[in-house]
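Me: I'd like to go through this fold with you, one question at a time. Can you take it slowly and show your reasoning?

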Amino acid sequence: MQKASATPSTDHQTATKDIKLLVLDIDGTIAGESNTISAGVKQAIVAVQARGIPVAIATGRMYRSALRFHQEIGSTLPLMAYQGAWIQDPNTQKIHRHWAVPREIAHQLLDYFEQPELRSLLSVHFYINDQLYIRELTRETQIYAERSGIIPIPVGDLRETLTNEPTKILALSDDIDVIDKLLGNLRRQYTPAELYLTTSVATFFEATNASVNKGTAVRYLAEELLGLQIANVMAIGDNFNDLEMLESVGLGVAMGNAPAGVQAIARWVAPSVEEDGAAVAIEKFLL
């Protein structure tokens, strides 16, 4: 079941001694098709916490959608949602960080998505104040909402919501080629200093504030809030929105179900989410 590492395996004792914080992605990492955390993964997380290593979540999900996973693993740390654009402590309700997409850019993206050749191919989501606003309820949005456990708010014209700046903008399409083309075109239109663009699954195009990614979020949690070095962090993720996090931490682990480009930058590649790969990685390096 264990996969070969992307680079030579880290010595277990060294890793255990150095790692002071474990950060986990949700979808494709600790939650697979079932949209739940398996008993094996949960046991591994509890065992790590019993060793005095706190566990945090960094996800592209909405805060309200990620909260049940945070509670299920018994995390005592702030929750990093929306790729780290929204960092909130569920215990105190304090919002440590909220970086939004500038209103002008949100308008530009909406104009782009509503071009005649794209409009019928995309379901567009605006996330404002931890609520999901949509133009209309599409099949893709319905599936997304059911998995996320949230109720989307149809508004017709999304421009009406832009009295507030969105935390995140998402465009969904069943056609992976459409998303690939969208990502390529908009990366040519906007520099990394203007907008952070990524995909969390092949059918999700995501845009956030330029300063946002899971790498900067985990660094903020570790260094600013916990007084640790980023080198003291182990992180596990499965997709392109995890790249910056896996590259920046001391020990970045990719899931076996991760795309090749994500596996290539990881320190080690775990089995897939359906094989409890996160538990295997935790046991290998931390237990």
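Reply: Sure. One definition to start: Ala, Val, Leu, Ile, Met, Phe, Trp, Tyr, Cys and Pro count as nonpolar, Asp, Glu, Lys and Arg as charged, and the others, Gly among them, as polar. Keep in mind that this is a predicted model.

Me: Let's use that right away. How do the residues lining the largest cavity divide into nonpolar, polar and charged?

Reply: The lining is made up of Leu122, Ser123, Val124, His125, Ile134, Arg135, Glu136, Thr138 and Thr141. By the classes above, Leu, Val and Ile are nonpolar, and Arg and Glu are charged. The split comes to 3 nonpolar, 4 polar and 2 charged.

Me: Which strand gives the most to that lining?

Reply: Ser123, Val124 and His125 are among the lining residues. Strand β6 covers residues 123-128. With 3 residues, the top contributor is strand β6.

Me: What volume does the largest cavity have?

Reply: The whole structure was searched for cavities of 30 Å³ or more, and 1 turned up. Its volume is about 40 Å³.

Me: Now the largest pocket. Which element gives the most to its lining?

Reply: This pocket has a volume of about 770 Å³, and of its 30 lining residues, the closest to the centre include Arg147 and Phe204. Three elements, α6 (139-148), β9 (168-172) and β11 (204-209), each supply at least two lining residues. The one that gives the most, with 6 residues, is α6.

Me: How many charged residues are in the lining of that pocket?

Reply: Asp27 and Arg147 are among the residues closest to the centre, and Asp and Arg both count as charged. Over the whole lining there are 6 nonpolar and 11 polar residues, and the charged ones number 13.

Me: Which strands stand at the edges of the open sheet of 6 strands?

Reply: The order is β8-β7-β6-β9-β11-β10, with mixed pairing. Each edge strand has a single partner, so one side of it is left without a neighbour in the sheet. At one edge, β8 pairs with β7 in the parallel sense over 2 bridges, with Ile134 opposite Pro154. The edge strands are β8 (153-154) and β10 (195-199).

Me: Where do the side chains of β1 point, and are they buried or exposed?

Reply: In a regular strand the side chains alternate between the two faces of the sheet. In β1 (residues 21-24), Leu21 and Val23 point one way and Leu22 and Leu24 the other way. The state of all of them is buried.

Me: In β2, which residue is the bridge partner of Leu22?

Reply: β1 runs parallel to β12 (residues 233-237), joined by 4 bridges, and there Leu21 has Val233 as its partner. β1 also pairs in the parallel sense with β2 (residues 55-57), over 3 bridges. In β2, the partner of Leu22 is Val55.

Me: Which helix gives the most to the largest nonpolar core?

Reply: That core has 48 residues, and Leu22, Tyr144, Met234, Ile236 and Val253 touch the most other members. The biggest share, 7 residues, comes from helix α11.

Me: Last one: does Asn35 count as buried or exposed, and why?

Reply: Asn35 sits in the loop between β1 and α2 (39-50), with a positive phi near 65°. The cut-off for buried is under 20% relative accessible area. At 12%, Asn35 therefore counts as buried.

Note on methods. Residues numbered from 1 in each chain as written. Predicted model: local features only at pLDDT ≥ 70, side-chain atom pairs only at ≥ 80, totals over all residues. Heavy atoms only, no water. 1 Å grid on protein atoms, 1.4 Å probe; cavity = no way out; pocket = protein on both sides within 12 Å on 5 of 7 lines; lining within 4 Å. Points joined across faces, edges and corners; volume = space filled by probe spheres on them. Core = buried A, V, L, I, M, F, W, Y, C linked by side-chain atoms within 4.5 Å. Buried < 20%, exposed > 50% of the residue type's maximum accessible area, 1.4 Å probe, protein only. Pairing = 2+ DSSP bridges.
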